[in-house]
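Could you walk me through this model in the viewer? I'd like to know what to select next and what I will find there.

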Amino acid sequence: MLEEQPDALAAADVNGDGATDLVVGLMNGSLEVLLADGAGGLIAADRESVDGAPYALALGDLNDDGIADLIAGDISSCRVFLGRGDGHFGSPSAIPFDQPVQHITLEDMDGDGLIDVVGSWEYGIEIAYNRGNATFGPRASAYAVSSAGLGPAVADFNGDGAPDVATGGDTQHSVSVLLNVCEPRD
């Protein structure tokens with residue numbers, strides 16, 4: 001079905017039919033949208049060429065319109081592609097990460113009701129706070145950790161009601177937990 005080796009996957013309903021679809025990041029620098037056919041199969045719907053090979057993908061509603069948006073990270077950048085609701089995505093806009101991210105998780109980190117982007121790279125975590133309408137910035141908050149090859153995993157690790165971030169990796173044989181101390185943003 002795919003013409004190139006897949007490097008990343010993300011699943012959500014991207015065309016509004018209630019079925020879970022799949023977005024695949026391919027090593028040749030393209031994104032392929034595979035729509036659910038209703039019988040457990042997938043049908044190729046769209047292929048878009050992007051700069052770099054996307055190896056970190058996530059889907060979530062970043063602009064509160066009820067449509068899944070795509071976040072794609074590659075060797076040089078992290079970008080948001082707003083969903084159109086028909087299995088296609090709009091032109092990308094950049095997320096201001098200082099480092100190229102290897103993994104992406106979506107979570108409201110500051111309690112403002114907007115989904116933020118949590119990215120990890122080899123020795124750090126960055127959080128890009130959503131300002132609304134899927135815009136981020138002016139820059140991401142960065143945190144150094146001993147190793148972040150895995151993750152990030154987001155959960156309330158200390159029971160205070162706020163999401164915290166855990167990551168780990170094999171280079172230091174360690175796990176780091178960053179406790180959330182954000183005040184809710186307006």
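Begin by selecting strand E6, residues 69–73, together with E5: in this predicted model, the two strands run antiparallel to each other and are joined over 5 bridges. To look at one of those partnerships, pick Ala 58 and then Ile 71, its bridge partner in E6.

Next, widen the selection to strands E5, E6, E7 and E8. Together they form an open sheet of 4 strands, in the order E5-E6-E7-E8, and the pairing is antiparallel. Which are the edge strands? Colour strand E5 (56–60) and strand E8 (89–94), since each of these pairs on one side only. Now turn the view to follow the sheet across its strands: from one strand to the next, the twist averages 20 degrees.

Now zoom out and show the chain as a cartoon. You will be looking at 17 strands and 0 helices. Switch to the C-alpha atoms and align the view with the principal axes; the box they fill is roughly 45 × 40 × 30 Å. How does that relate to a compact globule? The radius of gyration of the chain is 16 Å, which agrees with the value near 16 Å that a compact globule of 186 residues would have.

For a last stop, turn on the surface. The chain exposes about 8,800 Å², and 50% of that area comes from carbon and sulfur atoms. Colouring by burial brings out the other side of the picture: 45% of the 186 residues are buried. If you display contacts between residues at least 6 apart in sequence, 37% of them join residues at least 24 apart.

Definitions and conventions:
Residues numbered from 1 in each chain as written. Predicted model: local features only at pLDDT ≥ 70, side-chain atom pairs only at ≥ 80, totals over all residues. Heavy atoms only, no water. Pairing = 2+ DSSP bridges. Axes fitted to C-alpha atoms, helices over the stretch in contact; angles between N-to-C directions. Rg over C-alpha atoms; globule rule 2.2 N^0.38 Å. Buried < 20%, exposed > 50% of the residue type's maximum accessible area, 1.4 Å probe, protein only. Contact = heavy atoms within 4.5 Å. Areas by Shrake-Rupley, 256 points an atom, 1.4 Å probe, with all protein chains shown as cover.
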